[in-house]
Structure formats: C-alpha cells, structure tokens
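Q: I'm a first-year student, and I'd like a close look at the salt bridges in this protein. Could you take me through a few of them and the places they sit?

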Amino acid sequence: MKVLFYETKSYDRESFGAALSKYPDVKVDFIDANLSPMTAGLARGYDAVCAFVNADVSAMTLEVLAGFGVKLVLMRCAGFDAVNVPMAKELGMTVTRVPAYSPEAIAEHAMGLALCANRRIHKGYIRVRENNFSLEGLVGVTLHGKTAGVIGTGRIGAALCRILKGFGMYVIGADLYPNQKLVDEEHVVDEYVEVKDGKVDYASLYRRADLISLHAFLNKDSYHMINDDSIAQMKDGVIFVNTGRGGLVDSNALIRGIRSGKIGAAGLDVYEEENANVYQDRESEILGSSIVARLCSFPNVVMTSHQAFFTREALGQIAECTLENAQAFGRGTDFVPRSVVTAPGVE
C-alpha cells in the first residue's frame with residue numbers, strides 16, 4: 001500500500017513515523033500541501049491518500065483521485081464532513097475515519113476552556129506578564145454545587161460527565177439515546193432530559209444549566225441548534241463550551257448572547273468559520289471574517305484552534321488506526337470497527 005499523506009505537520013511525521021514499523025505493508029510519503037482539487041493530481045501512482053478534517057475532499061477532488069487510480073481515502077479524524085460521501089460511493093471508493101481517539105483528551109480540554117473563560121485565567125496571565133496585578137474584571141463563579149448540562153453523552157460527553165462530577169456539580173445529560181449506565185452504574189449523570197417522539201427536550205437543560213458543553217453530532221437536525229431562541233432560554237451568565245462542531249452554533253447569535261450578558265463566559269475550540277484558519281499561521285494577514293476578531297475581543301471568551309484532541313496519546317491512536325485501515329485494505333481483511341464511512345458493497 002502506497003499512501004500519500006497530505007498537509008503534514010511535524011507532529012504527524014513523529015506519530016506516524018513511530019507507528020509505521022508495525023505495518024510493513026504500508027509505505028507513506030509525506031507532503032506539505034493540503035488535499036484539494038488542485039493537489040489531488042499529486043496522488044498519481046498511489047493507492048491511497050490520507051487527509052485531515054480541514055481538507056477539501058469534494059466531488060471534484062474525488063473524481064481526480066479516482067481518475068489516477070486511488071481507491072482509498074484515509075481520514076485521520078473522527079469527522080468526515082469534508083468528504084462528499086455520495087460521490088465516493090458512486091466512484092466505488094473506500095473512505096475510512098478514526099471513530100474514537102482519547103475522548104478524555106477532548107473532555108479535559110473542554111473543562112480547561114470552561115475554567116479559563118469563567119475565571120478569566122487568560123486575562124490574568126497577560127496582566128501579570130505586564131506587571132499588572134489588579135483583579136478588576138476577573139471575577140468568576142464557583143462551579144462546585146452548580147448544574148452542568150452535557151449535550152451528547154457519547155464517549156467524549158461521558159468523559160466530561162466524570163470530570164464535572166469530580167468538581168461537585170449536578171450533571172444533566174441530553175441525548176437522543178441516553179446512556180443509562182452513566183446514571184445507574186457510574187453515577188456521573190444525575191438525570192437525563194426527556195426524549196419524546198424522537199425529540200430531545202433541550203429547553204429544560206437550557207433553563208437549568210450553569211455550564212453547557214456541546215458534544216453532539218453535526219447533522220441537519222443539530223445545525224445551529226444554538227441560536228437566538230435557544231440562547232434566550234439559557235440562564236443569565238451561563239458558561240458555554242463548544243469542542244464539538246462549529247456548525248452546531250450560530251456564531252452571530254453567540255456574539256449577541258455574549259454582548260447581552262446572557263452568556264457569561266465562552267470557551268470555543270471550534271467555530272463555524274474556522275476552515276480557512278485551522279492549523280494555519282495567519283499572523284501577518286488581515287482576516288476576511290470579523291467573527292474571529294469579534295469573539296477574541298471579548299474578555300470572557302477563550303478560543304483555541306481545533307486542538308482539543310491534541311495529546312501524544314491521541315496522536316498515537318490516530319496513527320495506529322489509520323495505518324491499520326491502510327494495511328487491512330491492502331490485505332483485504334477487516335477494517336477497524338466503526339471506521340468505514342463508505343466502501344463498495346457497504347451501505
């Protein structure tokens with residue numbers, strides 16, 4: 001299996017390089033360019049390409065790849081929003097992903113964002129560096145004894161519930177398919193909001209939660225689930241965290257909520273307009289969108305660049321799963337469970 005690895009960073013070379021010795025059938029060439037219709041032609045002579053969440057795996061990209069005989073697209077991330085899945089199916093291409101990696105890493109980052117935004121740690125740090133030891137404007141709230149609402153209680157959401165419970169918070173879960181084990185056995189979710197006729201009662205969570213963290217899937221039903229109406233239902237001064245998907249939140253509504261004081265603090269690792277920025281150094285540029293500039297201007301907002309997953313453990317798991325799938329494709333054996341997005345003969 002010959003794999004062309006797009007948009008290589010130093011940490012990619014390190015993590016994949018360390019794992020490659022376990023997969024003798026797989027040869028990987030690393031390049032700096034990201035995958036797009038313009039760069040897909042570089043994959044001539046390769047069996048597979050490896051791309052990340054910010055790649056452009058559109059219909060045109062897939063058609064170019066298929067024209068050069070590429071049969072496999074290895075997404076080294078859990079999400080596959082960047083892939084035109086119907087076109088991949090039509091072209092008979094196999095697309096795989098990494099279904100789960102270090103959920104604790106993302107949950108820990110979510111908690112870190114909540115703490116930082118709530119207690120204005122980022123502002124305090126900057127002040128002390130400038131020999132300003134004033135506490136004006138840095139007051140936060142104590143989380144112990146407060147109520148946390150976790151939207152989406154899969155592996156990542158469940159990991160956050162355990163952390164929140166350790167902080168002494170009352171934890172409310174919201175999920176179309178509640179994980180009752182978190183209530184009955186682990187005792188890290190105190191209650192789930194009602195699910196009726198396939199609809200989750202998010203409104204009751206919004207009304208009660210002092211801290212809300214998003215870990216839901218992004219689809220047509222969840223797109224902009226956080227909007228003017230949902231924010232209006234939240235408690236005044238709520239701490240809001242999103243390490244899920246940017247499209248879950250209407251950014252302009254979020255800005256209005258921050259300005260009105262409805263949202264007292266916000267920690268964002270993802271945001272809807274991030275694609276042009278993710279993992280790019282744009283220090284010397286004037287950004288076309290004002291969304292990022294406006295969010296960063298607020299003293300109660302902390303933003304990171306899609307780094308919640310970014311631990312050595314997670315990078316190692318991503319490399320192993322991706323290379324395992326590449327080798328399985330070459331040998332005609334089973335893929336990593338839950339990793340196949342589309343493959344010939346698979347619906």
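A: Here is a walk through three of the charged pairs, one at a time. Keep in mind that you are looking at a predicted model.

A search of the whole structure turns up 12 salt bridges. As a bit of background, side chains of opposite charge can pair when their charged atoms come close.

Let's start with D25 and R331, whose closest N and O atoms are 2.5 Å apart. This salt bridge links distant parts of the chain, with the two positions 306 residues apart in numbering. D25 lies in the loop between α1 (10-19) and β2 (27-30), while R331 belongs to helix α12 (residues 312-331). D25 has a relative accessible area of 31%, so it counts as partly exposed. R331 is partly exposed too, with a value of 47%.

Next come E186 and R162, a salt bridge with its closest N and O atoms 2.6 Å apart. Here, too, distant parts of the chain are linked: E186 sits in the loop between α7 (181-184) and β8 (191-192), and R162 is in helix α6 (residues 155-166), 24 residues apart. E186 is partly exposed at 35% relative accessible area, and R162 is partly exposed at 37%.

Finally, find D29 and K27, which form a salt bridge with 2.9 Å between their closest N and O atoms. D29 has a relative accessible area of 23%, which makes it partly exposed. Its partner K27 is also partly exposed, at 46% relative accessibility.

Conventions. Residues numbered from 1 in each chain as written. Predicted model: local features only at pLDDT ≥ 70, side-chain atom pairs only at ≥ 80, totals over all residues. Heavy atoms only, no water. Salt bridge = Lys/Arg side-chain N within 4 Å of Asp/Glu carboxyl O. Helix = DSSP H or I, 4+ residues; strand = E, 2+ residues; numbered from the N terminus. Buried < 20%, exposed > 50% of the residue type's maximum accessible area, 1.4 Å probe, protein only.
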